[in-house]
Amino acid sequence: MSAVSFQHVSKSYKGPRGPFQALKDVSFDIEPGEFFGLLGPNGAGKTTLISILAGLSRATEGQVRVHGHDVVSDYARARRQLGVVPQELVFDPFFTVREALRIQSGYFGVKCNDDWIDELLANLGLADKANANMRQLSGGMKRRVLVAQALVHRPPVIVLDEPTAGVDVELRQTLWQFIARLNRQGHTVLLTTHYLEEAEALCHRIAMLKAGQVVALDRTSALLAGTASTMLSFKMDGELPASLDHARVTGRIVQITAHDAQEVEDILATLRIAGCKIEDLEIGRADLEDVFLEIMQADTSPSAFVTRPAGLEQVA
Ligand SMILES: Nc1ncnc2c1ncn2[C@@H]1O[C@H](COP(=O)(O)OP(=O)(O)OP(=O)(O)O)[C@@H](O)[C@H]1O
């Protein structure tokens, strides 16, 4: 049985100019023990999908199950399987960190949870903040508390909606070590992030959403191998030839993806013929950010990059 199953999920919001479809027929399964990434640009529908999974919002159509429990008709059991770290920092300013975690344990009917709460605090670098009031914490520390709150009932499925937004490098590493350990112990992880290097390092499989539709879904390694695999990077002043207008330009730095050696040669020839003076040329492997941009810029019909069904072989 899948850990999480989205089947034909659509969601419409009422807008000033009629209904707005935030999700369009989204279907995929996440297998138990997977570390699964959900990527997409701002407004693609990631938080909407997670809100439906967490029972905070209702799908207009379709069905969502967590370990077989429907998130609407069997809400309590579905919710108990989930630990959700929300994107927004919502907290009660009147409690200490330990009190907040005890109260959250109570919501799930977990009693005498202090040993696990202490372990969570230690693993999230919060041990010395246990008795601090929530309103005294910095933004990054509040985020750590949200992670701890999501995990108090030891949920088999951990959902993280941009958990590292606004978080310093040290906590990111602490957080990922901890989440990766929970994943090795068998917890399923669903992650949304805009830090694509994190997704590349952590996720077994990745789904990409664009305007509410799944436009890519595959093992991370297959996504990296399946699209442009070479990245040319150089510095130059002046205009690029029009035929290279798909290049990514950041100040003087130009990056262009290529599928093979011939395409690399063609790009260099185009630059030479146009009289462009380039410096510091590097040719390297494309990373997930390049793949993401290529997929998002492509005129993708849904499922154009969806090549591989869920499988357990990549989870080992
Ligand atoms: N309550 C709402 N009412 C109307 N429209 C909404 C509502 N919530 C979200 N939307 C719209 O639905 C679309 C998807 O939003 P969503 O927050 O799911 O995107 P996202 O992929 O999580 O984006 P981000 O990366 O910025 O967090 C957006 O166009 C957003 O404006």
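# Helix 6 and its surroundings

The buried residues of helix 6 pack against strand 3 (35-39), helix 5 (139-151), strand 7 (157-161) and strand 8 (188-192), and I would like to begin from that helix. Please keep in mind throughout that what you have in front of you is a predicted model.

Helix 6 runs over residues 169-184, and at 1.5 Å a residue its 16 residues should span 22 Å, which agrees with the 22 Å that separates its end C-alpha atoms. Which residues of helix 6 are buried? They are Leu175, Ile179, Leu182 and Asn183. Looking down the axis of helix 6, we find these buried residues within an arc of 100°, so they line one face of the helix. On the other side of helix 6 the exposed residues are Val169, Glu170, Gln173, Gln177, Arg181 and Arg184. Just beyond the end of helix 6 comes Gly186, with a positive phi of about 115°.

Let me stay for a moment with one member of that buried face, namely Leu175, which lies in helix 6. There are 22 other C-beta atoms within 10 Å of Leu175, and since 20 or more are needed for a residue to count as buried, Leu175 is buried. If residues up to four places away in sequence are not counted, Leu175 touches Val147, Pro163 and Thr164. Leu175 and Arg144 are 31 residues apart in sequence, while in space their C-alpha atoms are 8.2 Å apart.

Helix 5, which we have just met as a packing partner of helix 6, also has a relationship with helix 3, residues 97-107, in that the axes of the two come within 9 Å and cross at roughly 30°. Because angles under 35 degrees count as roughly parallel, helix 3 and helix 5 are described as roughly parallel to each other. Their crossing is right-handed, and the contact is made on the helix 3 side by Val97, Ala100, Leu101 and Gln104, and on the helix 5 side by Val145, Ala148 and Gln149.

Next, helix 1. Of the 8 residues in helix 1, residues 46-53, 7 are buried, so this helix is largely enclosed by the rest of the structure. The buried ones are Lys46, Thr47, Thr48, Leu49, Ile50, Ile52 and Leu53. Helix 1, too, is followed by a glycine with positive phi, in this case Gly55, where the value is near 80°.

Turning to the strands, I would draw your attention to Met208, which lies in strand 9, residues 205-210. Met208 has 26 C-beta neighbours inside 10 Å and therefore counts as buried. Leaving aside neighbours within four places in sequence, the residues in contact with Met208 are Leu39, Gly40, Val215, Ala216, Phe292 and Ile295. Met208 and Leu151 are 57 residues apart along the chain, with their C-alpha atoms separated by 26 Å.

There are also two residues whose backbone deserves a look when you open the model yourselves. Asp25, in strand 2, residues 18-30, has a phi near 50°, which is a positive value in a residue other than glycine. Asp25 has 17 C-beta neighbours inside 10 Å and so counts as partly exposed. His67, placed in the loop between strand 4 (61-66) and strand 5 (69-70), likewise is not a glycine and yet has a positive phi of about 45°. With 18 other C-beta atoms within 10 Å, His67 is partly exposed.

A little further along is Val72, in the loop between strand 5 and helix 2 (75-80), and Val72 is partly exposed because there are 14 other C-beta atoms within 10 Å. From Val72 to Leu244 it is 172 residues in sequence and 49 Å in space, C-alpha to C-alpha.

Let me finish with the whole protein. Its secondary structure comes to 10 helices and 15 strands, and its C-alpha atoms fill a box of roughly 75 × 45 × 45 Å, taken along the principal axes. Of its 316 residues, 35% count as buried. Finally, among the contacts with a separation of 6 or more, 70% are accounted for by residues 24 or more positions apart.

Conventions
Residues numbered from 1 in each chain as written. Predicted model: local features only at pLDDT ≥ 70, side-chain atom pairs only at ≥ 80, totals over all residues. Helix = DSSP H or I, 4+ residues; strand = E, 2+ residues; numbered from the N terminus. Expected span 1.5 Å × (residues − 1). Buried ≥ 20, exposed ≤ 12 C-beta atoms within 10 Å, placed from the backbone. Arc of directions from axis to C-beta. Contact = placed C-beta atoms within 7 Å. Axes fitted to C-alpha atoms, helices over the stretch in contact; angles between N-to-C directions. Parallel < 35°, antiparallel > 145°, perpendicular 65-115°, else oblique. Left-handed = near helix turned anticlockwise from the far one by under 90°.
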